[in-house]
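Colleague: Could you take me through this model feature by feature, giving the general idea before the particular case?

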Amino acid sequence: MAQPASTTSLYAELSRCGQKQEYEKAIRIANKILQQNPEEFAAFNCKIISLLFLDRFDEALAALNKDKIHTGNLKLEKAYCEYRLNRTNEALSTLRSITNPTPRTKELLCQVLYRIEQYDECYNLYRDVIKNSQDEFDSERETNLAAVIASLQMWNKKDMDDPNFAENSYEICYNNACYWIGKGNLSVALEKLDKAEELLKNDSDLTEEELDEELAIIRVQRGYIFQIQGKQEQASQLYNQVLKAKPTDAGLIAVVSNNIVTLNKEQNIFDSKRKIKAATGDHLKHKTVSAQRQHIDINQCLVHLYSNQSDQCHQLAKKLTEQYPNLDTPLMIRVAQYIQDKKVDDAVTLLKDYIKVKPEMSFKANMIIAQLHLNQGSVYQACDALKDLADLAHKPGIVSTLVALYLSQEDKEAASEVLINAVNWYKKNNPKSPALMTLTRANADFQLKNGKAEEAAKMLEDLRKANPKDALVLAQLISSYAQFDPAKAQQISKDLPPVAKIVEGLDVDALEASFSTLGPKYLKKQQPKGEASPLPSGDAKSGDTVMMKKQTRKKKKGKLPKNCKPGSDIDPERWLPRKERSYYRGKRKDKRKDIGKGTQGMSAASQAIADSLDASKPASTEPTSPKASNSSTASPQSTPTPLPQGPRQQKPVQANKKKKKTGKGGKW
């Protein structure tokens, strides 16, 4: 039986495997050492490191969890395995348990904090690592710090200072571009992306596949900037160019697909459904940040809405409401889906329930409810929804809307009540608000217009106290009191200024001159009838002459009929229809139909005489009804006889030409 190899020789062989990077063989040798002596820490450490180099993180983590002896000394390696297996929270707890963290431990902690989007702590920790370390990885740490600063600016909306890192790599240029996008300076961001693309193309160490992958990220970010600027076609071209290249980064595909869906909007729903499917999935959880995933989920819900998938839309919206309790967009999508399904009552019920859960959203929800009722023609229900706004219902804009709605239903009492309640609310809760005077003025005008003099007088008294020198308010107040308390009106009228004071400093001539410049259209004749017109005196441009001038209009010449000679008599009945004119006698009968009848040379007159002398024919040729012929005998009537015409003046009746019968398809 062969003797087992000594531990020293196995360690020597293990060292040679490490130098030659033969990690599979190193794992086998380490297992041999651990079989002989399980407490050998060096062998166990070499085994774990070899598994990490082979990216076999599951096996490495299983070995660490199984071992109870050496795990406490390999917490960094355990945290790294958990980080690579996307067990971020477990990696964070493992790193937090290390009492004396090394610079390597801090760097891994920075990576974990960045992934779970705790950018503030990550930023401070990176600055400490860069300050206390100096090696060949300083440029990578600056790149990572630039990414953290860009994330703080873009996602946390925190105003960060420009780090001013040397842009000697395309990664730093790209991160700086993201920083300026968060700042809102898109032109500078485009410049940084152009520089990053130039540096990337000049990097000879990258393969063609790696170059395409990195260029895809820059193109997508450039397309995002174009989309924000409203250049939809350019953005769409860049997005489609990236998708045609078929990148391997799932997170990049998700972002591009989502952006194309936002470009499609409610159009091209079939393409949006395919794109949103590529942008969703559990495998993308660690490839995108929470803000991106939220936007993708909302867009997926909208795609269900536009594609009439009601059940899927409601299910996803409910899930998003639970996942993002501070976001009201999912609820609004459900309301839109109910309206699209013509279930307005369900939409109103959903909004009312939402108000109970979130009273701070009552204004927005009640405004939507009011609009839904108005769309259905339910004006009073819309007014009730506006009144449910509590204190906000007394705002001038809401009050104006309520008054307009009630007046549309001719309900003046309800409109008056709204105005009075609004004024009373401001007197009690905010008497110094400028809205009080606005509402008081509107209330006074409304009451005066509708004949409620007593209520108008109360409002006008308040206005007078606020501005005692307002002559219009005083005049309206006197007019109001005159309707129900003449004595009070007489007393207040004493406060009116005298006429001499009103016209003091007033230039009457200048006023008349300015009035005359309006033109004769707006002037009245000042001179009484029968008096002679006074001659103009003084300046010809004065208003006196203009006031006495009478406007004269030129008479337009009427249009003459066609072919009418000037000076000839014009028919006064030319505008009447021909049949309504006094000289119209109707059309002449065609007498040519009787020509040619009888013997040759016989005229129509002689034929009539011959017919009258023929005893075989009745005296009258006019037809009579049977009853008339039975009751009476027709008597001959004498009719005027026209002059006989000569035979040469008669025209013989032409015989009708017979048409030749032709066969089918024949010609004439």
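Modeller: What follows is a reading of the fold, the cores, some single residues and a surface patch.

Modeller: Please keep in mind throughout that this is a predicted model.

Colleague: How many helices and strands are there in the protein?

Modeller: The protein has 32 helices and zero strands. Of its 668 residues, 33% count as buried, and among contacts between residues at least 6 apart in sequence, 45% join residues at least 24 apart. The protein exposes about 45700 Å², of which carbon and sulfur atoms supply 51%.

Colleague: How should I read the interior, and which residues have the most contacts inside the largest nonpolar core?

Modeller: The general idea is that nonpolar side chains tend to be buried together in soluble globular proteins. Here the largest nonpolar core has 55 residues, and those with the most contacts inside it are L95, Y123, V148, I225 and V256. Helix α10, residues 170–183, contributes the largest share of this core, with eight residues. A second, separate core has 52 residues, including L351, V379, V403 and I478.

Colleague: With which residues is V148 in contact, leaving aside its neighbours within four places in sequence?

Modeller: With those neighbours set aside, V148 is in contact with Y114, Y119, C122, Y123 and Y126.

Colleague: Turning to a charged residue, does D271 count as buried or exposed?

Modeller: D271 counts as buried because its relative accessibility is 11%, and the cut-off for buried is under 20%. This residue lies in helix α15, residues 269–278, and, not counting residues up to four places away in sequence, D271 touches I260 and N264.

Colleague: How many disulfides does the structure hold, and why is C301 in none?

Modeller: The structure holds zero disulfides. For C301, the nearest cysteine sulfur is that of C313, 4.0 Å away; a disulfide requires a pair of cysteine sulfur atoms within 2.5 Å, so this pair does not qualify. C301 is nevertheless buried, with a relative accessible area of 0%, and C173 also counts as buried, at 0% relative accessibility.

Colleague: Which residues form a nonpolar patch on the surface?

Modeller: V499, V503, L506 and L511 form such a patch, and together they have about 370 Å² of accessible area. One of them, L511, is found in helix α29, residues 508–516, and is partly exposed, with a relative accessible area of 46%. That value places L511 in the partly exposed class because it falls between the cut-offs of 20% and 50%.

Notes
Residues numbered from 1 in each chain as written. Predicted model: local features only at pLDDT ≥ 70, side-chain atom pairs only at ≥ 80, totals over all residues. Heavy atoms only, no water. Helix = DSSP H or I, 4+ residues; strand = E, 2+ residues; numbered from the N terminus. Buried < 20%, exposed > 50% of the residue type's maximum accessible area, 1.4 Å probe, protein only. Contact = heavy atoms within 4.5 Å. Areas by Shrake-Rupley, 256 points an atom, 1.4 Å probe, with all protein chains shown as cover. Core = buried A, V, L, I, M, F, W, Y, C linked by side-chain atoms within 4.5 Å. Patch = residues over 30% accessible without salt bridge, like charges linked within 9 Å, V, L, I, M, F, W, Y side chains within 5 Å. Salt bridge = Lys/Arg side-chain N within 4 Å of Asp/Glu carboxyl O.
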